[in-house]
Amino acid sequence: MPLILIAALPFLGALLPGVMIKAGRNACAWTTASVTLAALVGLLVHAPKVLAGEVIHYRLDWMPVVGLNANFFLDGLGFLFALMILGIGLLIIIYARFYLGRQDPMGPFYTYLLLFQGAMVGIVLSDNVLLLLVFWELTSLSSFLLIGYWKHLPEGRQGARMALAVTGTGGLALIGGMIILGQIAGSYDLSVILTQKEAIQASPLYLPALILILIGAFTKSAQFPFHFWLPHAMAAPTPVSAYLHSATMVKAGLFLMARLWPVLAGTDAWFVIVATTGLVTMVLGATIALFKDDLKALLAFSTVSHLGLITMLLGFGTPFAAVAAVFHIINHATFKAALFMTAGIVDHEAHTRDIKRLGGLRHLMPITFVIALLASLSMAGIPFLNGFLSKEMMLEEVARTRLGIPLLLPLVVIVAAALSAAYSFRYLGHVFFGDEREDYPQTPHDPGFGLWGPPAFLVALVVLIGLFPAAIAGPLVAASAGAVTGGDLPYYSLKIWHGFTPALLMSVLAVMGGLMLLLFHYPLDKRWIATRRPEAKVIFDTVVALCVQVSRRITDVLHPGSMTRYTAIFAITVLIASAVAWNSSTLAAPGRELLPVGMVGVIGWILIVVSTGILVVYHRNRLLSLILLGVTGTIVSISFIYFSAPDLAMTQIAVEVVSIILLLLALNFLPKSTPAEGGVERHLRDVIIAGAMGIGAMILTLAIQQSDFSQPTISAYYLENAKTLAGGYNVVNVILVDFRGFDTYGEIIVLGIAALVIYALTEQLLGGRVGRKLADRPHDPTLSGDLHPMMMVVATRVMMPLALMVGVFIFLRGHNAPGGGFVAGLVVAIAILMQFMASGYDWAIARQRFTYHGIIGLGVIAAILTGVASWLFGAPFLTGAFAYYKLPLIEEFELSSAMAFDLGVFLCVVGAVMLALESLSRLARRKDDRTRTHPMDIDPSRTEDEPRPVPPGTAPAEAH
Amino acid sequence: MSYLVMLPLVVPPMVAAVMILGMRHHQGLLRIFSLASILAMLALSILFIQQSADGSVHVHAPGNWRPPFGIVLVLDRLSALMVLLTSLLALVVMLYAIGSGWDARGKHFHPLIQFQLMGIYGAFLTGDLFNLFVFFEVLLIASYGLMIHGGGKRRMQAGLQYVVYNLLGSTLFLFALGTLYAVTGTLNMADMAERVAMMGPEDAALIRVGAVMLLMVFSVKAALVPLHFWLPATYAETPAPVAALFAIMTKVGGYAILRVYTLIFGPDVAATGGIFGPWLMNAALVTIAVGMIGILGSRSMGRVAAYASIASMGTLLVAIALFTPAGILAALFYMIHSTLAAAALFLVVDLIRARRPGESCGLAAAPEMAQAGLLGALYMAAAIAAAGMPPLSGFFGKMLVLDAAFAHDRTGLIWTVILGTSLLAVVGFARAGSAVFWKTSPPSDAPKAAVGTASRTMLETAPSPTLALAATGGLIAAIALVTLLAGPVTAHLDAMTMQLLDREDYLRAVLPLTDTTAPDAPDLPGGDLHEAAP
C-alpha cells in the first residue's frame, strides 16, 4: 500500500463513524476497527523490506515553491511507531466499544480517534519536516477534542485547553526550529536534512534550532517543566489515556528526538539539555507518581517518568543508548497501555479510581489482576518481563556515562528506578492485594472479554518479549535502532542474563528500594500531603487568567469606543508620519511666486477665519454652527469665482443650499445644543492636536502651491483638446463628463447610494422605537403656528417654472459654458424642495408622479447606457461623440453623447436630493398629523361653512 | 477581451439600478437578480483568471482617452485574482443572506450589495489613483448602508464611527492625491510610476509626504494599527453576511498597498528610498499583536472574529512589508486564505448567534444550541483557519511568511511575534469555543421567555437555515480546496509576484512606447511624455 494511503486512510475513515453510528454501536466500532486494520495491513505488507533495512519512499509535490511536499518514507523507526500507533489503536478501538457508556456519543469519539490516528501515522511517516509539522499540530488539535470529549466535566474542558496550550506552544516553537533546520540544510526533506550533520552542527543557528525543536519535543512528551499537562489530560476517557498518553502522542516527542538524532545528537548542548531534562523528569515523575491516589494520575506520572528515562537515553547520544531507548519505547508502550486499560476496567467496574478506596480486588476480578500483575511487574523491572530488559540496558549505559560529578548519575537513576518499582508495587499492592472491602461504590467483578482482551494481548507481548527478546523484538529493534543511529549499530544483545554486571546490582538495589518505599508508604504519604508543593494547575490557571485579564485590559484600554480618541490618534499618526517623511529629504526650491494679496482675498480670509473662530467657540449651538458653515461654504464659492472657476462656484453654491436645507431638517430632530464634554485639559489637548493638524495642512498647501511639476502635467492636454476632440469649450465640464467621465460615473453612483442609505436608515428608524418616539413627540408651542404661509406658497409656485427653466438652461449650456447636469440637477431639486417647504409634504408628494428611487435608477441606467452605447460602435465604454446640427429657426447647435451622460448625472442628483428630503420629511411626521390636502394653512378658496384648517399644536378653542 | 474588463463596473450597477427602479418590493425577484448578477460576475472572474494567466495585461480606457490623460482599467494577474476572490465571496455571502433571511431585515440590501461589488471591483481594476479614490467612496458609502442594515442602537453607533473614521481617511486621500499630483503632474498609476522613477532622492520631501499619506489612507482600509480603530466595533456589530463581505474590504487596503508600493513607490525607487518599509513592518507586527491579544481578551464571539481579522491583516502586511519576492508570494497566498477564513468565521459566529438565547454571542454558558455538533465542527474549522493551524491553508500561509522572513534582518522579532501571538489565538479560540459549545447550562425558562416575548428568533425567521449552513460549509470547503491545491495556487502566485515586481508588463500595457500616432493624440504638450521615459 502506498505510504500516503496508510496515512490518509484514518483521515478518510474518520468520516465513517458519524455515519455508521446510525447502524448501531457495533457497526460503528467495527467500521472504525476495519479502517485501522486496513491501514495496519497496508503497513505490515512493507514489513519484510523494512526489517531488511530498506527504506520505502513515496513522493508527491504539494507546494514545491516553499518546499512543502507530501513526501513519505518508511524506515525502521517509522515502522516501529506506525506499528504501535495502528496496532495499539486497533486494541483501543475494541476496548472503547465496551468502555463507553450508553450516554456517550460514539460517532464523534471514533471520528476524533481516527483523526488523531491519521495525524500520528503522518508524523512518523513524513519525509518532509513541514508536512511533519502539519501532522504534529493536528495531533494537538485532535487530542484537544478527545480530552474534552466529556464536555460536561469542567476538568475535561480545562484539561483539554491546558494540553492544547502547552503542546500548541511546543508546536509553534517546533515550526520555528524546523524552518531553521530546513534553511540550514537547504531542503525541508528529512532524508536530505539527515545527511547534513556537519553543516547543521557547524551552523550558528544550530543552538536556536535545537532549543526550539526540543521545546516542541519536550512539551509533547511531557518533559519537565512542561510535564504538568499530562496528568490533567487524564480527564479524558480511559481509552484515550491509554492510547494518547501512554502509547502514542506522548511518544511523538521521543520520535522526533530519535528521528533527528543523527543530525542533532552528539553535541555538548544536546547532551546537557536532553539528558538532564530526561533525568529530572524521570525522578520527579516517579516521585509524584508514588503519592498519587488516582489510579490514572499514578499511571500518568509514571508515564512522565518513563518518558524522562527514554529522553535521557536519547540525550546520552551514544548508539547503545539509542538502542536501549528504542527498546524501552516498545516495552513501555506494551505494559503501560495494558496498565491504563486495567485502570479503566477497575474504574468501570468499581466506579472509583481512588487507590485509598480500593484494595483486595485480586479475588473479585482475577483476570484483571493477572493482567495488572504482569504489566506492573514489568514496569517495576522484574526479570522475565520486557521492562526488565530495557531497564537493564539503560542501567548499563548509565553506569558508563558521566554527568557532572562521578557516581551522581547512577545514584540518581537508582533512586528513580526504586521509586518506579515502588509505585508499580503500590499499584498492585494497594489495589489488588490486601483485604477485600465492603465499601466499594460498586462491587467489582471481571468485565467481558471486550474489555480485558486488548490488555491481555498486550500483556502476552510483555511476557513473550520478556522471555524471548531476540526472537520477538530483535529484528524490530535492530531495524528501528539502525534508523535512529543512521546505520551502524553497536554490539548489544537482547537477553535476560548478562552475568553479574553493575547494571544487575543497580537493578537489585532499585527493586529492594522499591519494596522499602512501599513499606514506608503510609508515613511518607502523610509527610507528602503535609508539605506544600507548587500546584502546576493553579499556576497554569493563574497564568492563563492573567493573560486573559491583561489581554482584556489592553483591548479595552485601546478600544474604548471613543470617537474623539480615535480621531486624535489618527491625527497624531498622520502628523508624525508626514513630518518624518518631510524631514527625510529636502524641499525643492519654490518654482512659483506667490500671488500678491488682493482686497477680496483679505476680506474672504478675515471672514473665513472669524466664522471658523466663532464656530469653534459656539460649536455647541447647532443652528449657529450650521449658519457659520454656510458662511465658510459661501466664501469657498467666492474664492472659486475669484480664481476663475465659475463651474465650481455654481456647484458649490447649489450644494451649499441643498446641504444646509437637509441639515436643517435633520437638526429638527436633534437637541438644540451639543452637551459639553470633557474638561479644560481635554480641550487643551484637542486644541493642540487640531492646531498642529491645521498648521501641517497649511505648510503642505503652501509647499504644494509653490512647487513646480517635475514634468509637464496632463492638464495642458485637457486645455488643448477640450474643444477639438471633445467638442466643448467648458474644459471643466468636458473633464467631468468626458476626459474623466468615468470618475463622474462613480460619483453619481455614490450620490445615489447615499440617498438609498438615507432612505433605508429612515425606514429602519420609523419601524423601531425611535420612530414611535418621534411620532409621539409633543408639539413645540413656542413655534409659529403658521406652517405654510400663503406668501411663501405663492412665491414658490411662481418660482417653480422659472427655476426649472434655469435648470434646463444650465443643463444645456453645460458643455460650453459654466453649468452641466450636476448643477442643473441641484437647481431643479431646489425648485421642488421649495414646494415641499412651502406647501407641505402631503401636498407635494401627492403631486409627485415618479418615485425618487426610480429617478435615481433611471439616472444610473442612462449613464450606463450612454457608456455601453459606445460598444456598439466598437469604441471603449463612455467614448464621446459629438456633431453639429442645424434646425430651422434656431442657430446651429451641438448634440453630443456627453449630454446623454449628463442627463444621467442630472437624474441621479435630482433623485438623490429628493429621496433624502423625502426620508427626512417622513421622520418629521407626528402620529396625530392629518393628511393635508391644502397647500396653505389658510385656504383662500374655502367657503364659509367649511371649517378652517387648524394649525397643529394649537387647541381648536384657542385658535385665533 | 478589453471591454470585458469593464463589465464588473457595468453589470452590478445596472442590476442595482433596475432593482431600485422596478422591483423594490419583490423580495423574490431581488434575490434572483442579485444571484444572477453575482453568478455572471463569477463566470467573468474565472475568464479573467484564464485570460491573465499567460501574463498578458488587458487595458480598457473608458472614454477612449489615451493614458495618462484618460482613466484606464487594468487587468493583470493580481487584479484578476482579487476580482475572483470578490465574486466568490459575494456568492457565498448572497446565499447566506438569502438562507438566513438577513437580506429582508432592512431596505435595499440587494442593490447596496451590487453597488458594493462595483466599488470593490473598481478598486481592484482601476489604473488611476483618482479613480481609485472614487471607488473607495463607492465602496465606503455602500458598505455604510450595508453595515447599518437591520438597524439597532449599537449597530448605528458603530456605523457612525465607521463612516466618520473612513471619511477622515478619504480626506487624507485627497491631500495625498493633491500632493502627488503637485509633484508628478499625473494621476495615472503607470505614468506616475515612470515619473517617480526618474526623480532623485534629493528635493523629495513632497513626494515622500504624499507617498506616506497615501500609505496611511490604505492602512486605514487595511486596519493597520494605529489606524484600525474603526474595525472592532464595526465588524462585531455588522450583519454577518456583510461582515463576511467586509473580509474583502480590508483586503482592498492590502491590495492597494501591494499595487502602489510595488508599481509606483517600490523599494528601489530613489525618490522615496523605501522609507516606509520599516514603518510598515513595525506597524504590521503591532497589528498582529493587537489582533491576537484582542482574540484572547474578547467577551463575545463577534469580537473574536473582528480581532481575528485585524490579526490576519497584520500577518498579511508583515509579508508585504518584506518587499521581497518570497514575501509578496506569501502575502498573496495569505490574502486568499485570510479572506476566506475571516468570512467563514463571521458566518459561523452568526450561525451560533441565531441559535443562542437572546441572539447573543457572548462567552457565557447557555443551554445547548441546536445542531451543536455541526456548528462545533464548523467553528473548529473556521478557528483553525483563522488561527493559522494545520491542516488548513492558514498554516501554509504562515509558513510562507516565516520562510520569507528568514532572510530579513529582524527575523527573530518577526518570528517571535507571529509564532507567539499564534499561541494567543489558539488559546483564545479554544476558550471561546469551549465556553460556547462545551460549557452548556441547563435550559432555563428565563432567557427563553425573554426571547419569546421579543419576537421570533433569527433562526425561526430564516427562510432556509440549511442554505445558510451550506454557504458556510462551502466557504470552509473552499479553504480546504486552497489547501489541497496549494501547489498550483502558489505556482500561479509566483508568476503573479514576478509580474508585480517586474512592472514591465504593466507599464508597457498602459503606456505603450510606440504609441505616438493614436487617433486621439495629435502632437501635444503631453504627447511626448513617454519618449522622456528611460
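Begin with chain A as a whole and with its contacts: among those with a separation of 6 or more, 80% are made by residues 24 or more positions apart. Keep in mind, while you look, that this is a predicted model.

With chain A still selected, rotate the view until the C-alpha trace lies along its principal axes, where it spans about 130 × 75 × 60 Å. The radius of gyration of chain A is 43 Å, whereas a compact globule of 960 residues would have one near 30 Å. Switching to a cartoon display brings up the secondary structure, which in chain A comprises 42 helices and 4 strands.

Next, turn on the surface of chain A, which exposes about 40,500 Å², with carbon and sulfur atoms supplying 70% of that area. Of the 960 residues in this chain, 54% count as buried. If you colour by charge, you will find 59 positive and 57 negative charges in chain A, and the mean positions of these two sets are 8 Å apart.

Now move to single residues, beginning with two peptide bonds. Most peptide bonds are trans. Select A:Phe224 and A:Pro225, which are joined by a cis peptide bond with an omega of about 5 degrees; A:Pro225 sits in the loop that runs between α11 (206-220) and α12 (229-232) of chain A. Then go over to chain B and select B:Val225 and B:Pro226, where a cis peptide bond is again found, with omega about 5 degrees. Here B:Pro226 belongs to the loop between α8 (205-222) and α9 (231-237) of chain B.

The last two stops concern the backbone angle phi, which is negative in most residues other than glycine. Return to chain A and select A:Ser644, a residue other than glycine whose phi is positive, near 60 degrees. To place A:Ser644 in the chain, look at the loop between α31 (622-642) and α32 (646-667) of chain A. Is A:Ser644 buried or exposed? With a relative accessible area of 61%, A:Ser644 is exposed, because the cut-off for that class is over 50%.

Finally, select B:Phe323, which is not a glycine either and yet has a positive phi of about 50 degrees. B:Phe323 is located in the loop of chain B between α12 (301-322) and α13 (325-354). The relative accessibility of B:Phe323 is 16%, and B:Phe323 therefore counts as buried, since buried means under 20%.

Conventions. Residues numbered from 1 in each chain as written. Chains lettered and ligands numbered in written order. Predicted model: local features only at pLDDT ≥ 70, side-chain atom pairs only at ≥ 80, totals over all residues. Heavy atoms only, no water. Helix = DSSP H or I, 4+ residues; strand = E, 2+ residues; numbered from the N terminus. Rg over C-alpha atoms; globule rule 2.2 N^0.38 Å. Buried < 20%, exposed > 50% of the residue type's maximum accessible area, 1.4 Å probe, protein only. Contact = heavy atoms within 4.5 Å. Areas by Shrake-Rupley, 256 points an atom, 1.4 Å probe, with all protein chains shown as cover. Lys, Arg positive; Asp, Glu negative; His and termini not counted. Charge placed at Lys NZ, Arg CZ, Asp CG, Glu CD.
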